[in-house]
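Me: I have a protein model open and no idea how to read it. Could you take me through it, feature by feature?

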Amino acid sequence: MWKEVIRQKTVQNTILRSGLRLLHQQNWRQSKDKKALLEISGQLQNVMQLHLGTKNLVVGIPGFGKEVTLLEVDEPTFVPHYKIEQVVESAEGHFIKLKLIKTI
């Protein structure tokens, strides 16, 4: 699923970066139950939205050190368990391709 990026911001947040990196590790996700993963995903989403001050979906990309790049997309509904598969920059703007992360 392709989404247009409305706004982009880089923040320094070690906890957010570590949480995002954990969610992208398949072995770690498989050791957790679905309810716990939803709760963790929701908490991380709230932190990302606080940094951008929006009710839209915010997707975080862990960077180096404690850096996280936040991408806001025009989606008011929280969509847990997705990761960024591809980021494209074109004359029309920035777009991201989200891929479902299998939780079970």
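**Reading the sheet and its helices**

Reply: Start with one pair. Serine 90 stands opposite glycine 93, a residue of β5. Keep in mind that this model is predicted.

Me: How many residues does the hairpin from β4 to β5 have as its link?

Reply: The hairpin runs from β4 to β5 through 2 residues. The two strands are antiparallel, and 8 bridges join them.

Me: Where is alanine 91 found, and is it buried or exposed?

Reply: Look in the loop between β4 and β5 for alanine 91. Its relative accessibility is 82%, so alanine 91 counts as exposed. Now compare sequence with space. Alanine 91 and glutamine 12 are 79 residues apart in sequence. In space, their C-alpha atoms are 29 Å apart.

Me: What is the order of the strands in the sheet?

Reply: Read across the sheet, not along the chain. The order is β2-β3-β1-β5-β4. These 5 strands form an open sheet, with antiparallel pairing.

Me: Which strands stand at the edges?

Reply: β2 and β4 do. Each has a single partner strand, so one side of each is left without a neighbour in the sheet. The sheet is also twisted: from one strand to the next, the twist averages 40°.

Me: What should I know about side chains on a strand?

Reply: Here is the general idea. In a regular strand, side chains alternate between the two faces of the sheet. Keep that in mind as you follow the pairs.

Me: How many bridges join β1 to β3?

Reply: There are 7 bridges between β1 and β3, and the strands run antiparallel. β1 covers residues 2–12. Try two pairs. Valine 5 stands opposite valine 73 in β3. Threonine 10 has threonine 69 of β3 as its bridge partner.

Me: How many bridges does β1 form with β5?

Reply: β1 and β5 pair over 3 bridges, in the antiparallel sense. Tryptophan 2 has lysine 97 in β5 as its bridge partner. For glutamate 4, the partner in β5 is phenylalanine 95.

Me: Which residues is tryptophan 2 in contact with, leaving aside its neighbours within four places in sequence?

Reply: They are Gln86, Val88, Phe95, Ile96 and Lys97. Tryptophan 2 itself sits in strand β1. With 43% relative accessibility, tryptophan 2 counts as partly exposed. Try a distance too. The C-alpha atoms of tryptophan 2 and glycine 60 are separated by 16 Å. Along the chain, those two are 58 residues apart.

Me: How many residues of β3 are buried?

Reply: In β3, 6 of its 7 residues are buried, so "mostly covered" describes the strand. Now look at its pairing with β2. The two strands run antiparallel, with 6 bridges joining them. One bridge to find is that of proline 62, whose partner in β3 is valine 68.

Me: How many residues lie between the strands in the hairpin of β2 and β3?

Reply: That hairpin has 4 residues between the strands. Check the backbone at glycine 65 there: its phi is positive, near 65°.

Me: On to the helices. How do I describe two that pack together?

Reply: Two packed helices are described by the angle between their axes and the distance between those axes. Take α1, residues 14–23, and α3, residues 34–52. They pack at an angle of about 140°, and their axes are 11 Å apart. That makes α1 oblique to α3. The crossing of α1 past α3 is left-handed.

Me: Which residues in α1 meet α3?

Reply: Leu16, Gly19, Leu20 and Leu23 do. On the α3 side they meet Leu37, Ser41, Leu44, Val47, Met48 and His51. By class, this contact has 7 nonpolar, 3 polar and no charged residues.

Me: Which strands does α3 lie across?

Reply: α3 lies across β1, β2 and β3. Relative to β2, α3 runs at about 100°.

Me: One last residue. Is arginine 29 buried or exposed?

Reply: Arginine 29 is buried, with a relative accessible area of 8%. The cut-off for buried is under 20%. Find arginine 29 in helix α2, residues 26–30. Its C-alpha is 15 Å from that of glycine 42, and the two are 13 residues apart in sequence.

Definitions and conventions:
Residues numbered from 1 in each chain as written. Predicted model: local features only at pLDDT ≥ 70, side-chain atom pairs only at ≥ 80, totals over all residues. Heavy atoms only, no water. Axes fitted to C-alpha atoms, helices over the stretch in contact; angles between N-to-C directions. Parallel < 35°, antiparallel > 145°, perpendicular 65-115°, else oblique. Left-handed = near helix turned anticlockwise from the far one by under 90°. Contact = heavy atoms within 4.5 Å. Nonpolar A, V, L, I, M, F, W, Y, C, P; charged D, E, K, R; others polar. Buried < 20%, exposed > 50% of the residue type's maximum accessible area, 1.4 Å probe, protein only. Pairing = 2+ DSSP bridges.
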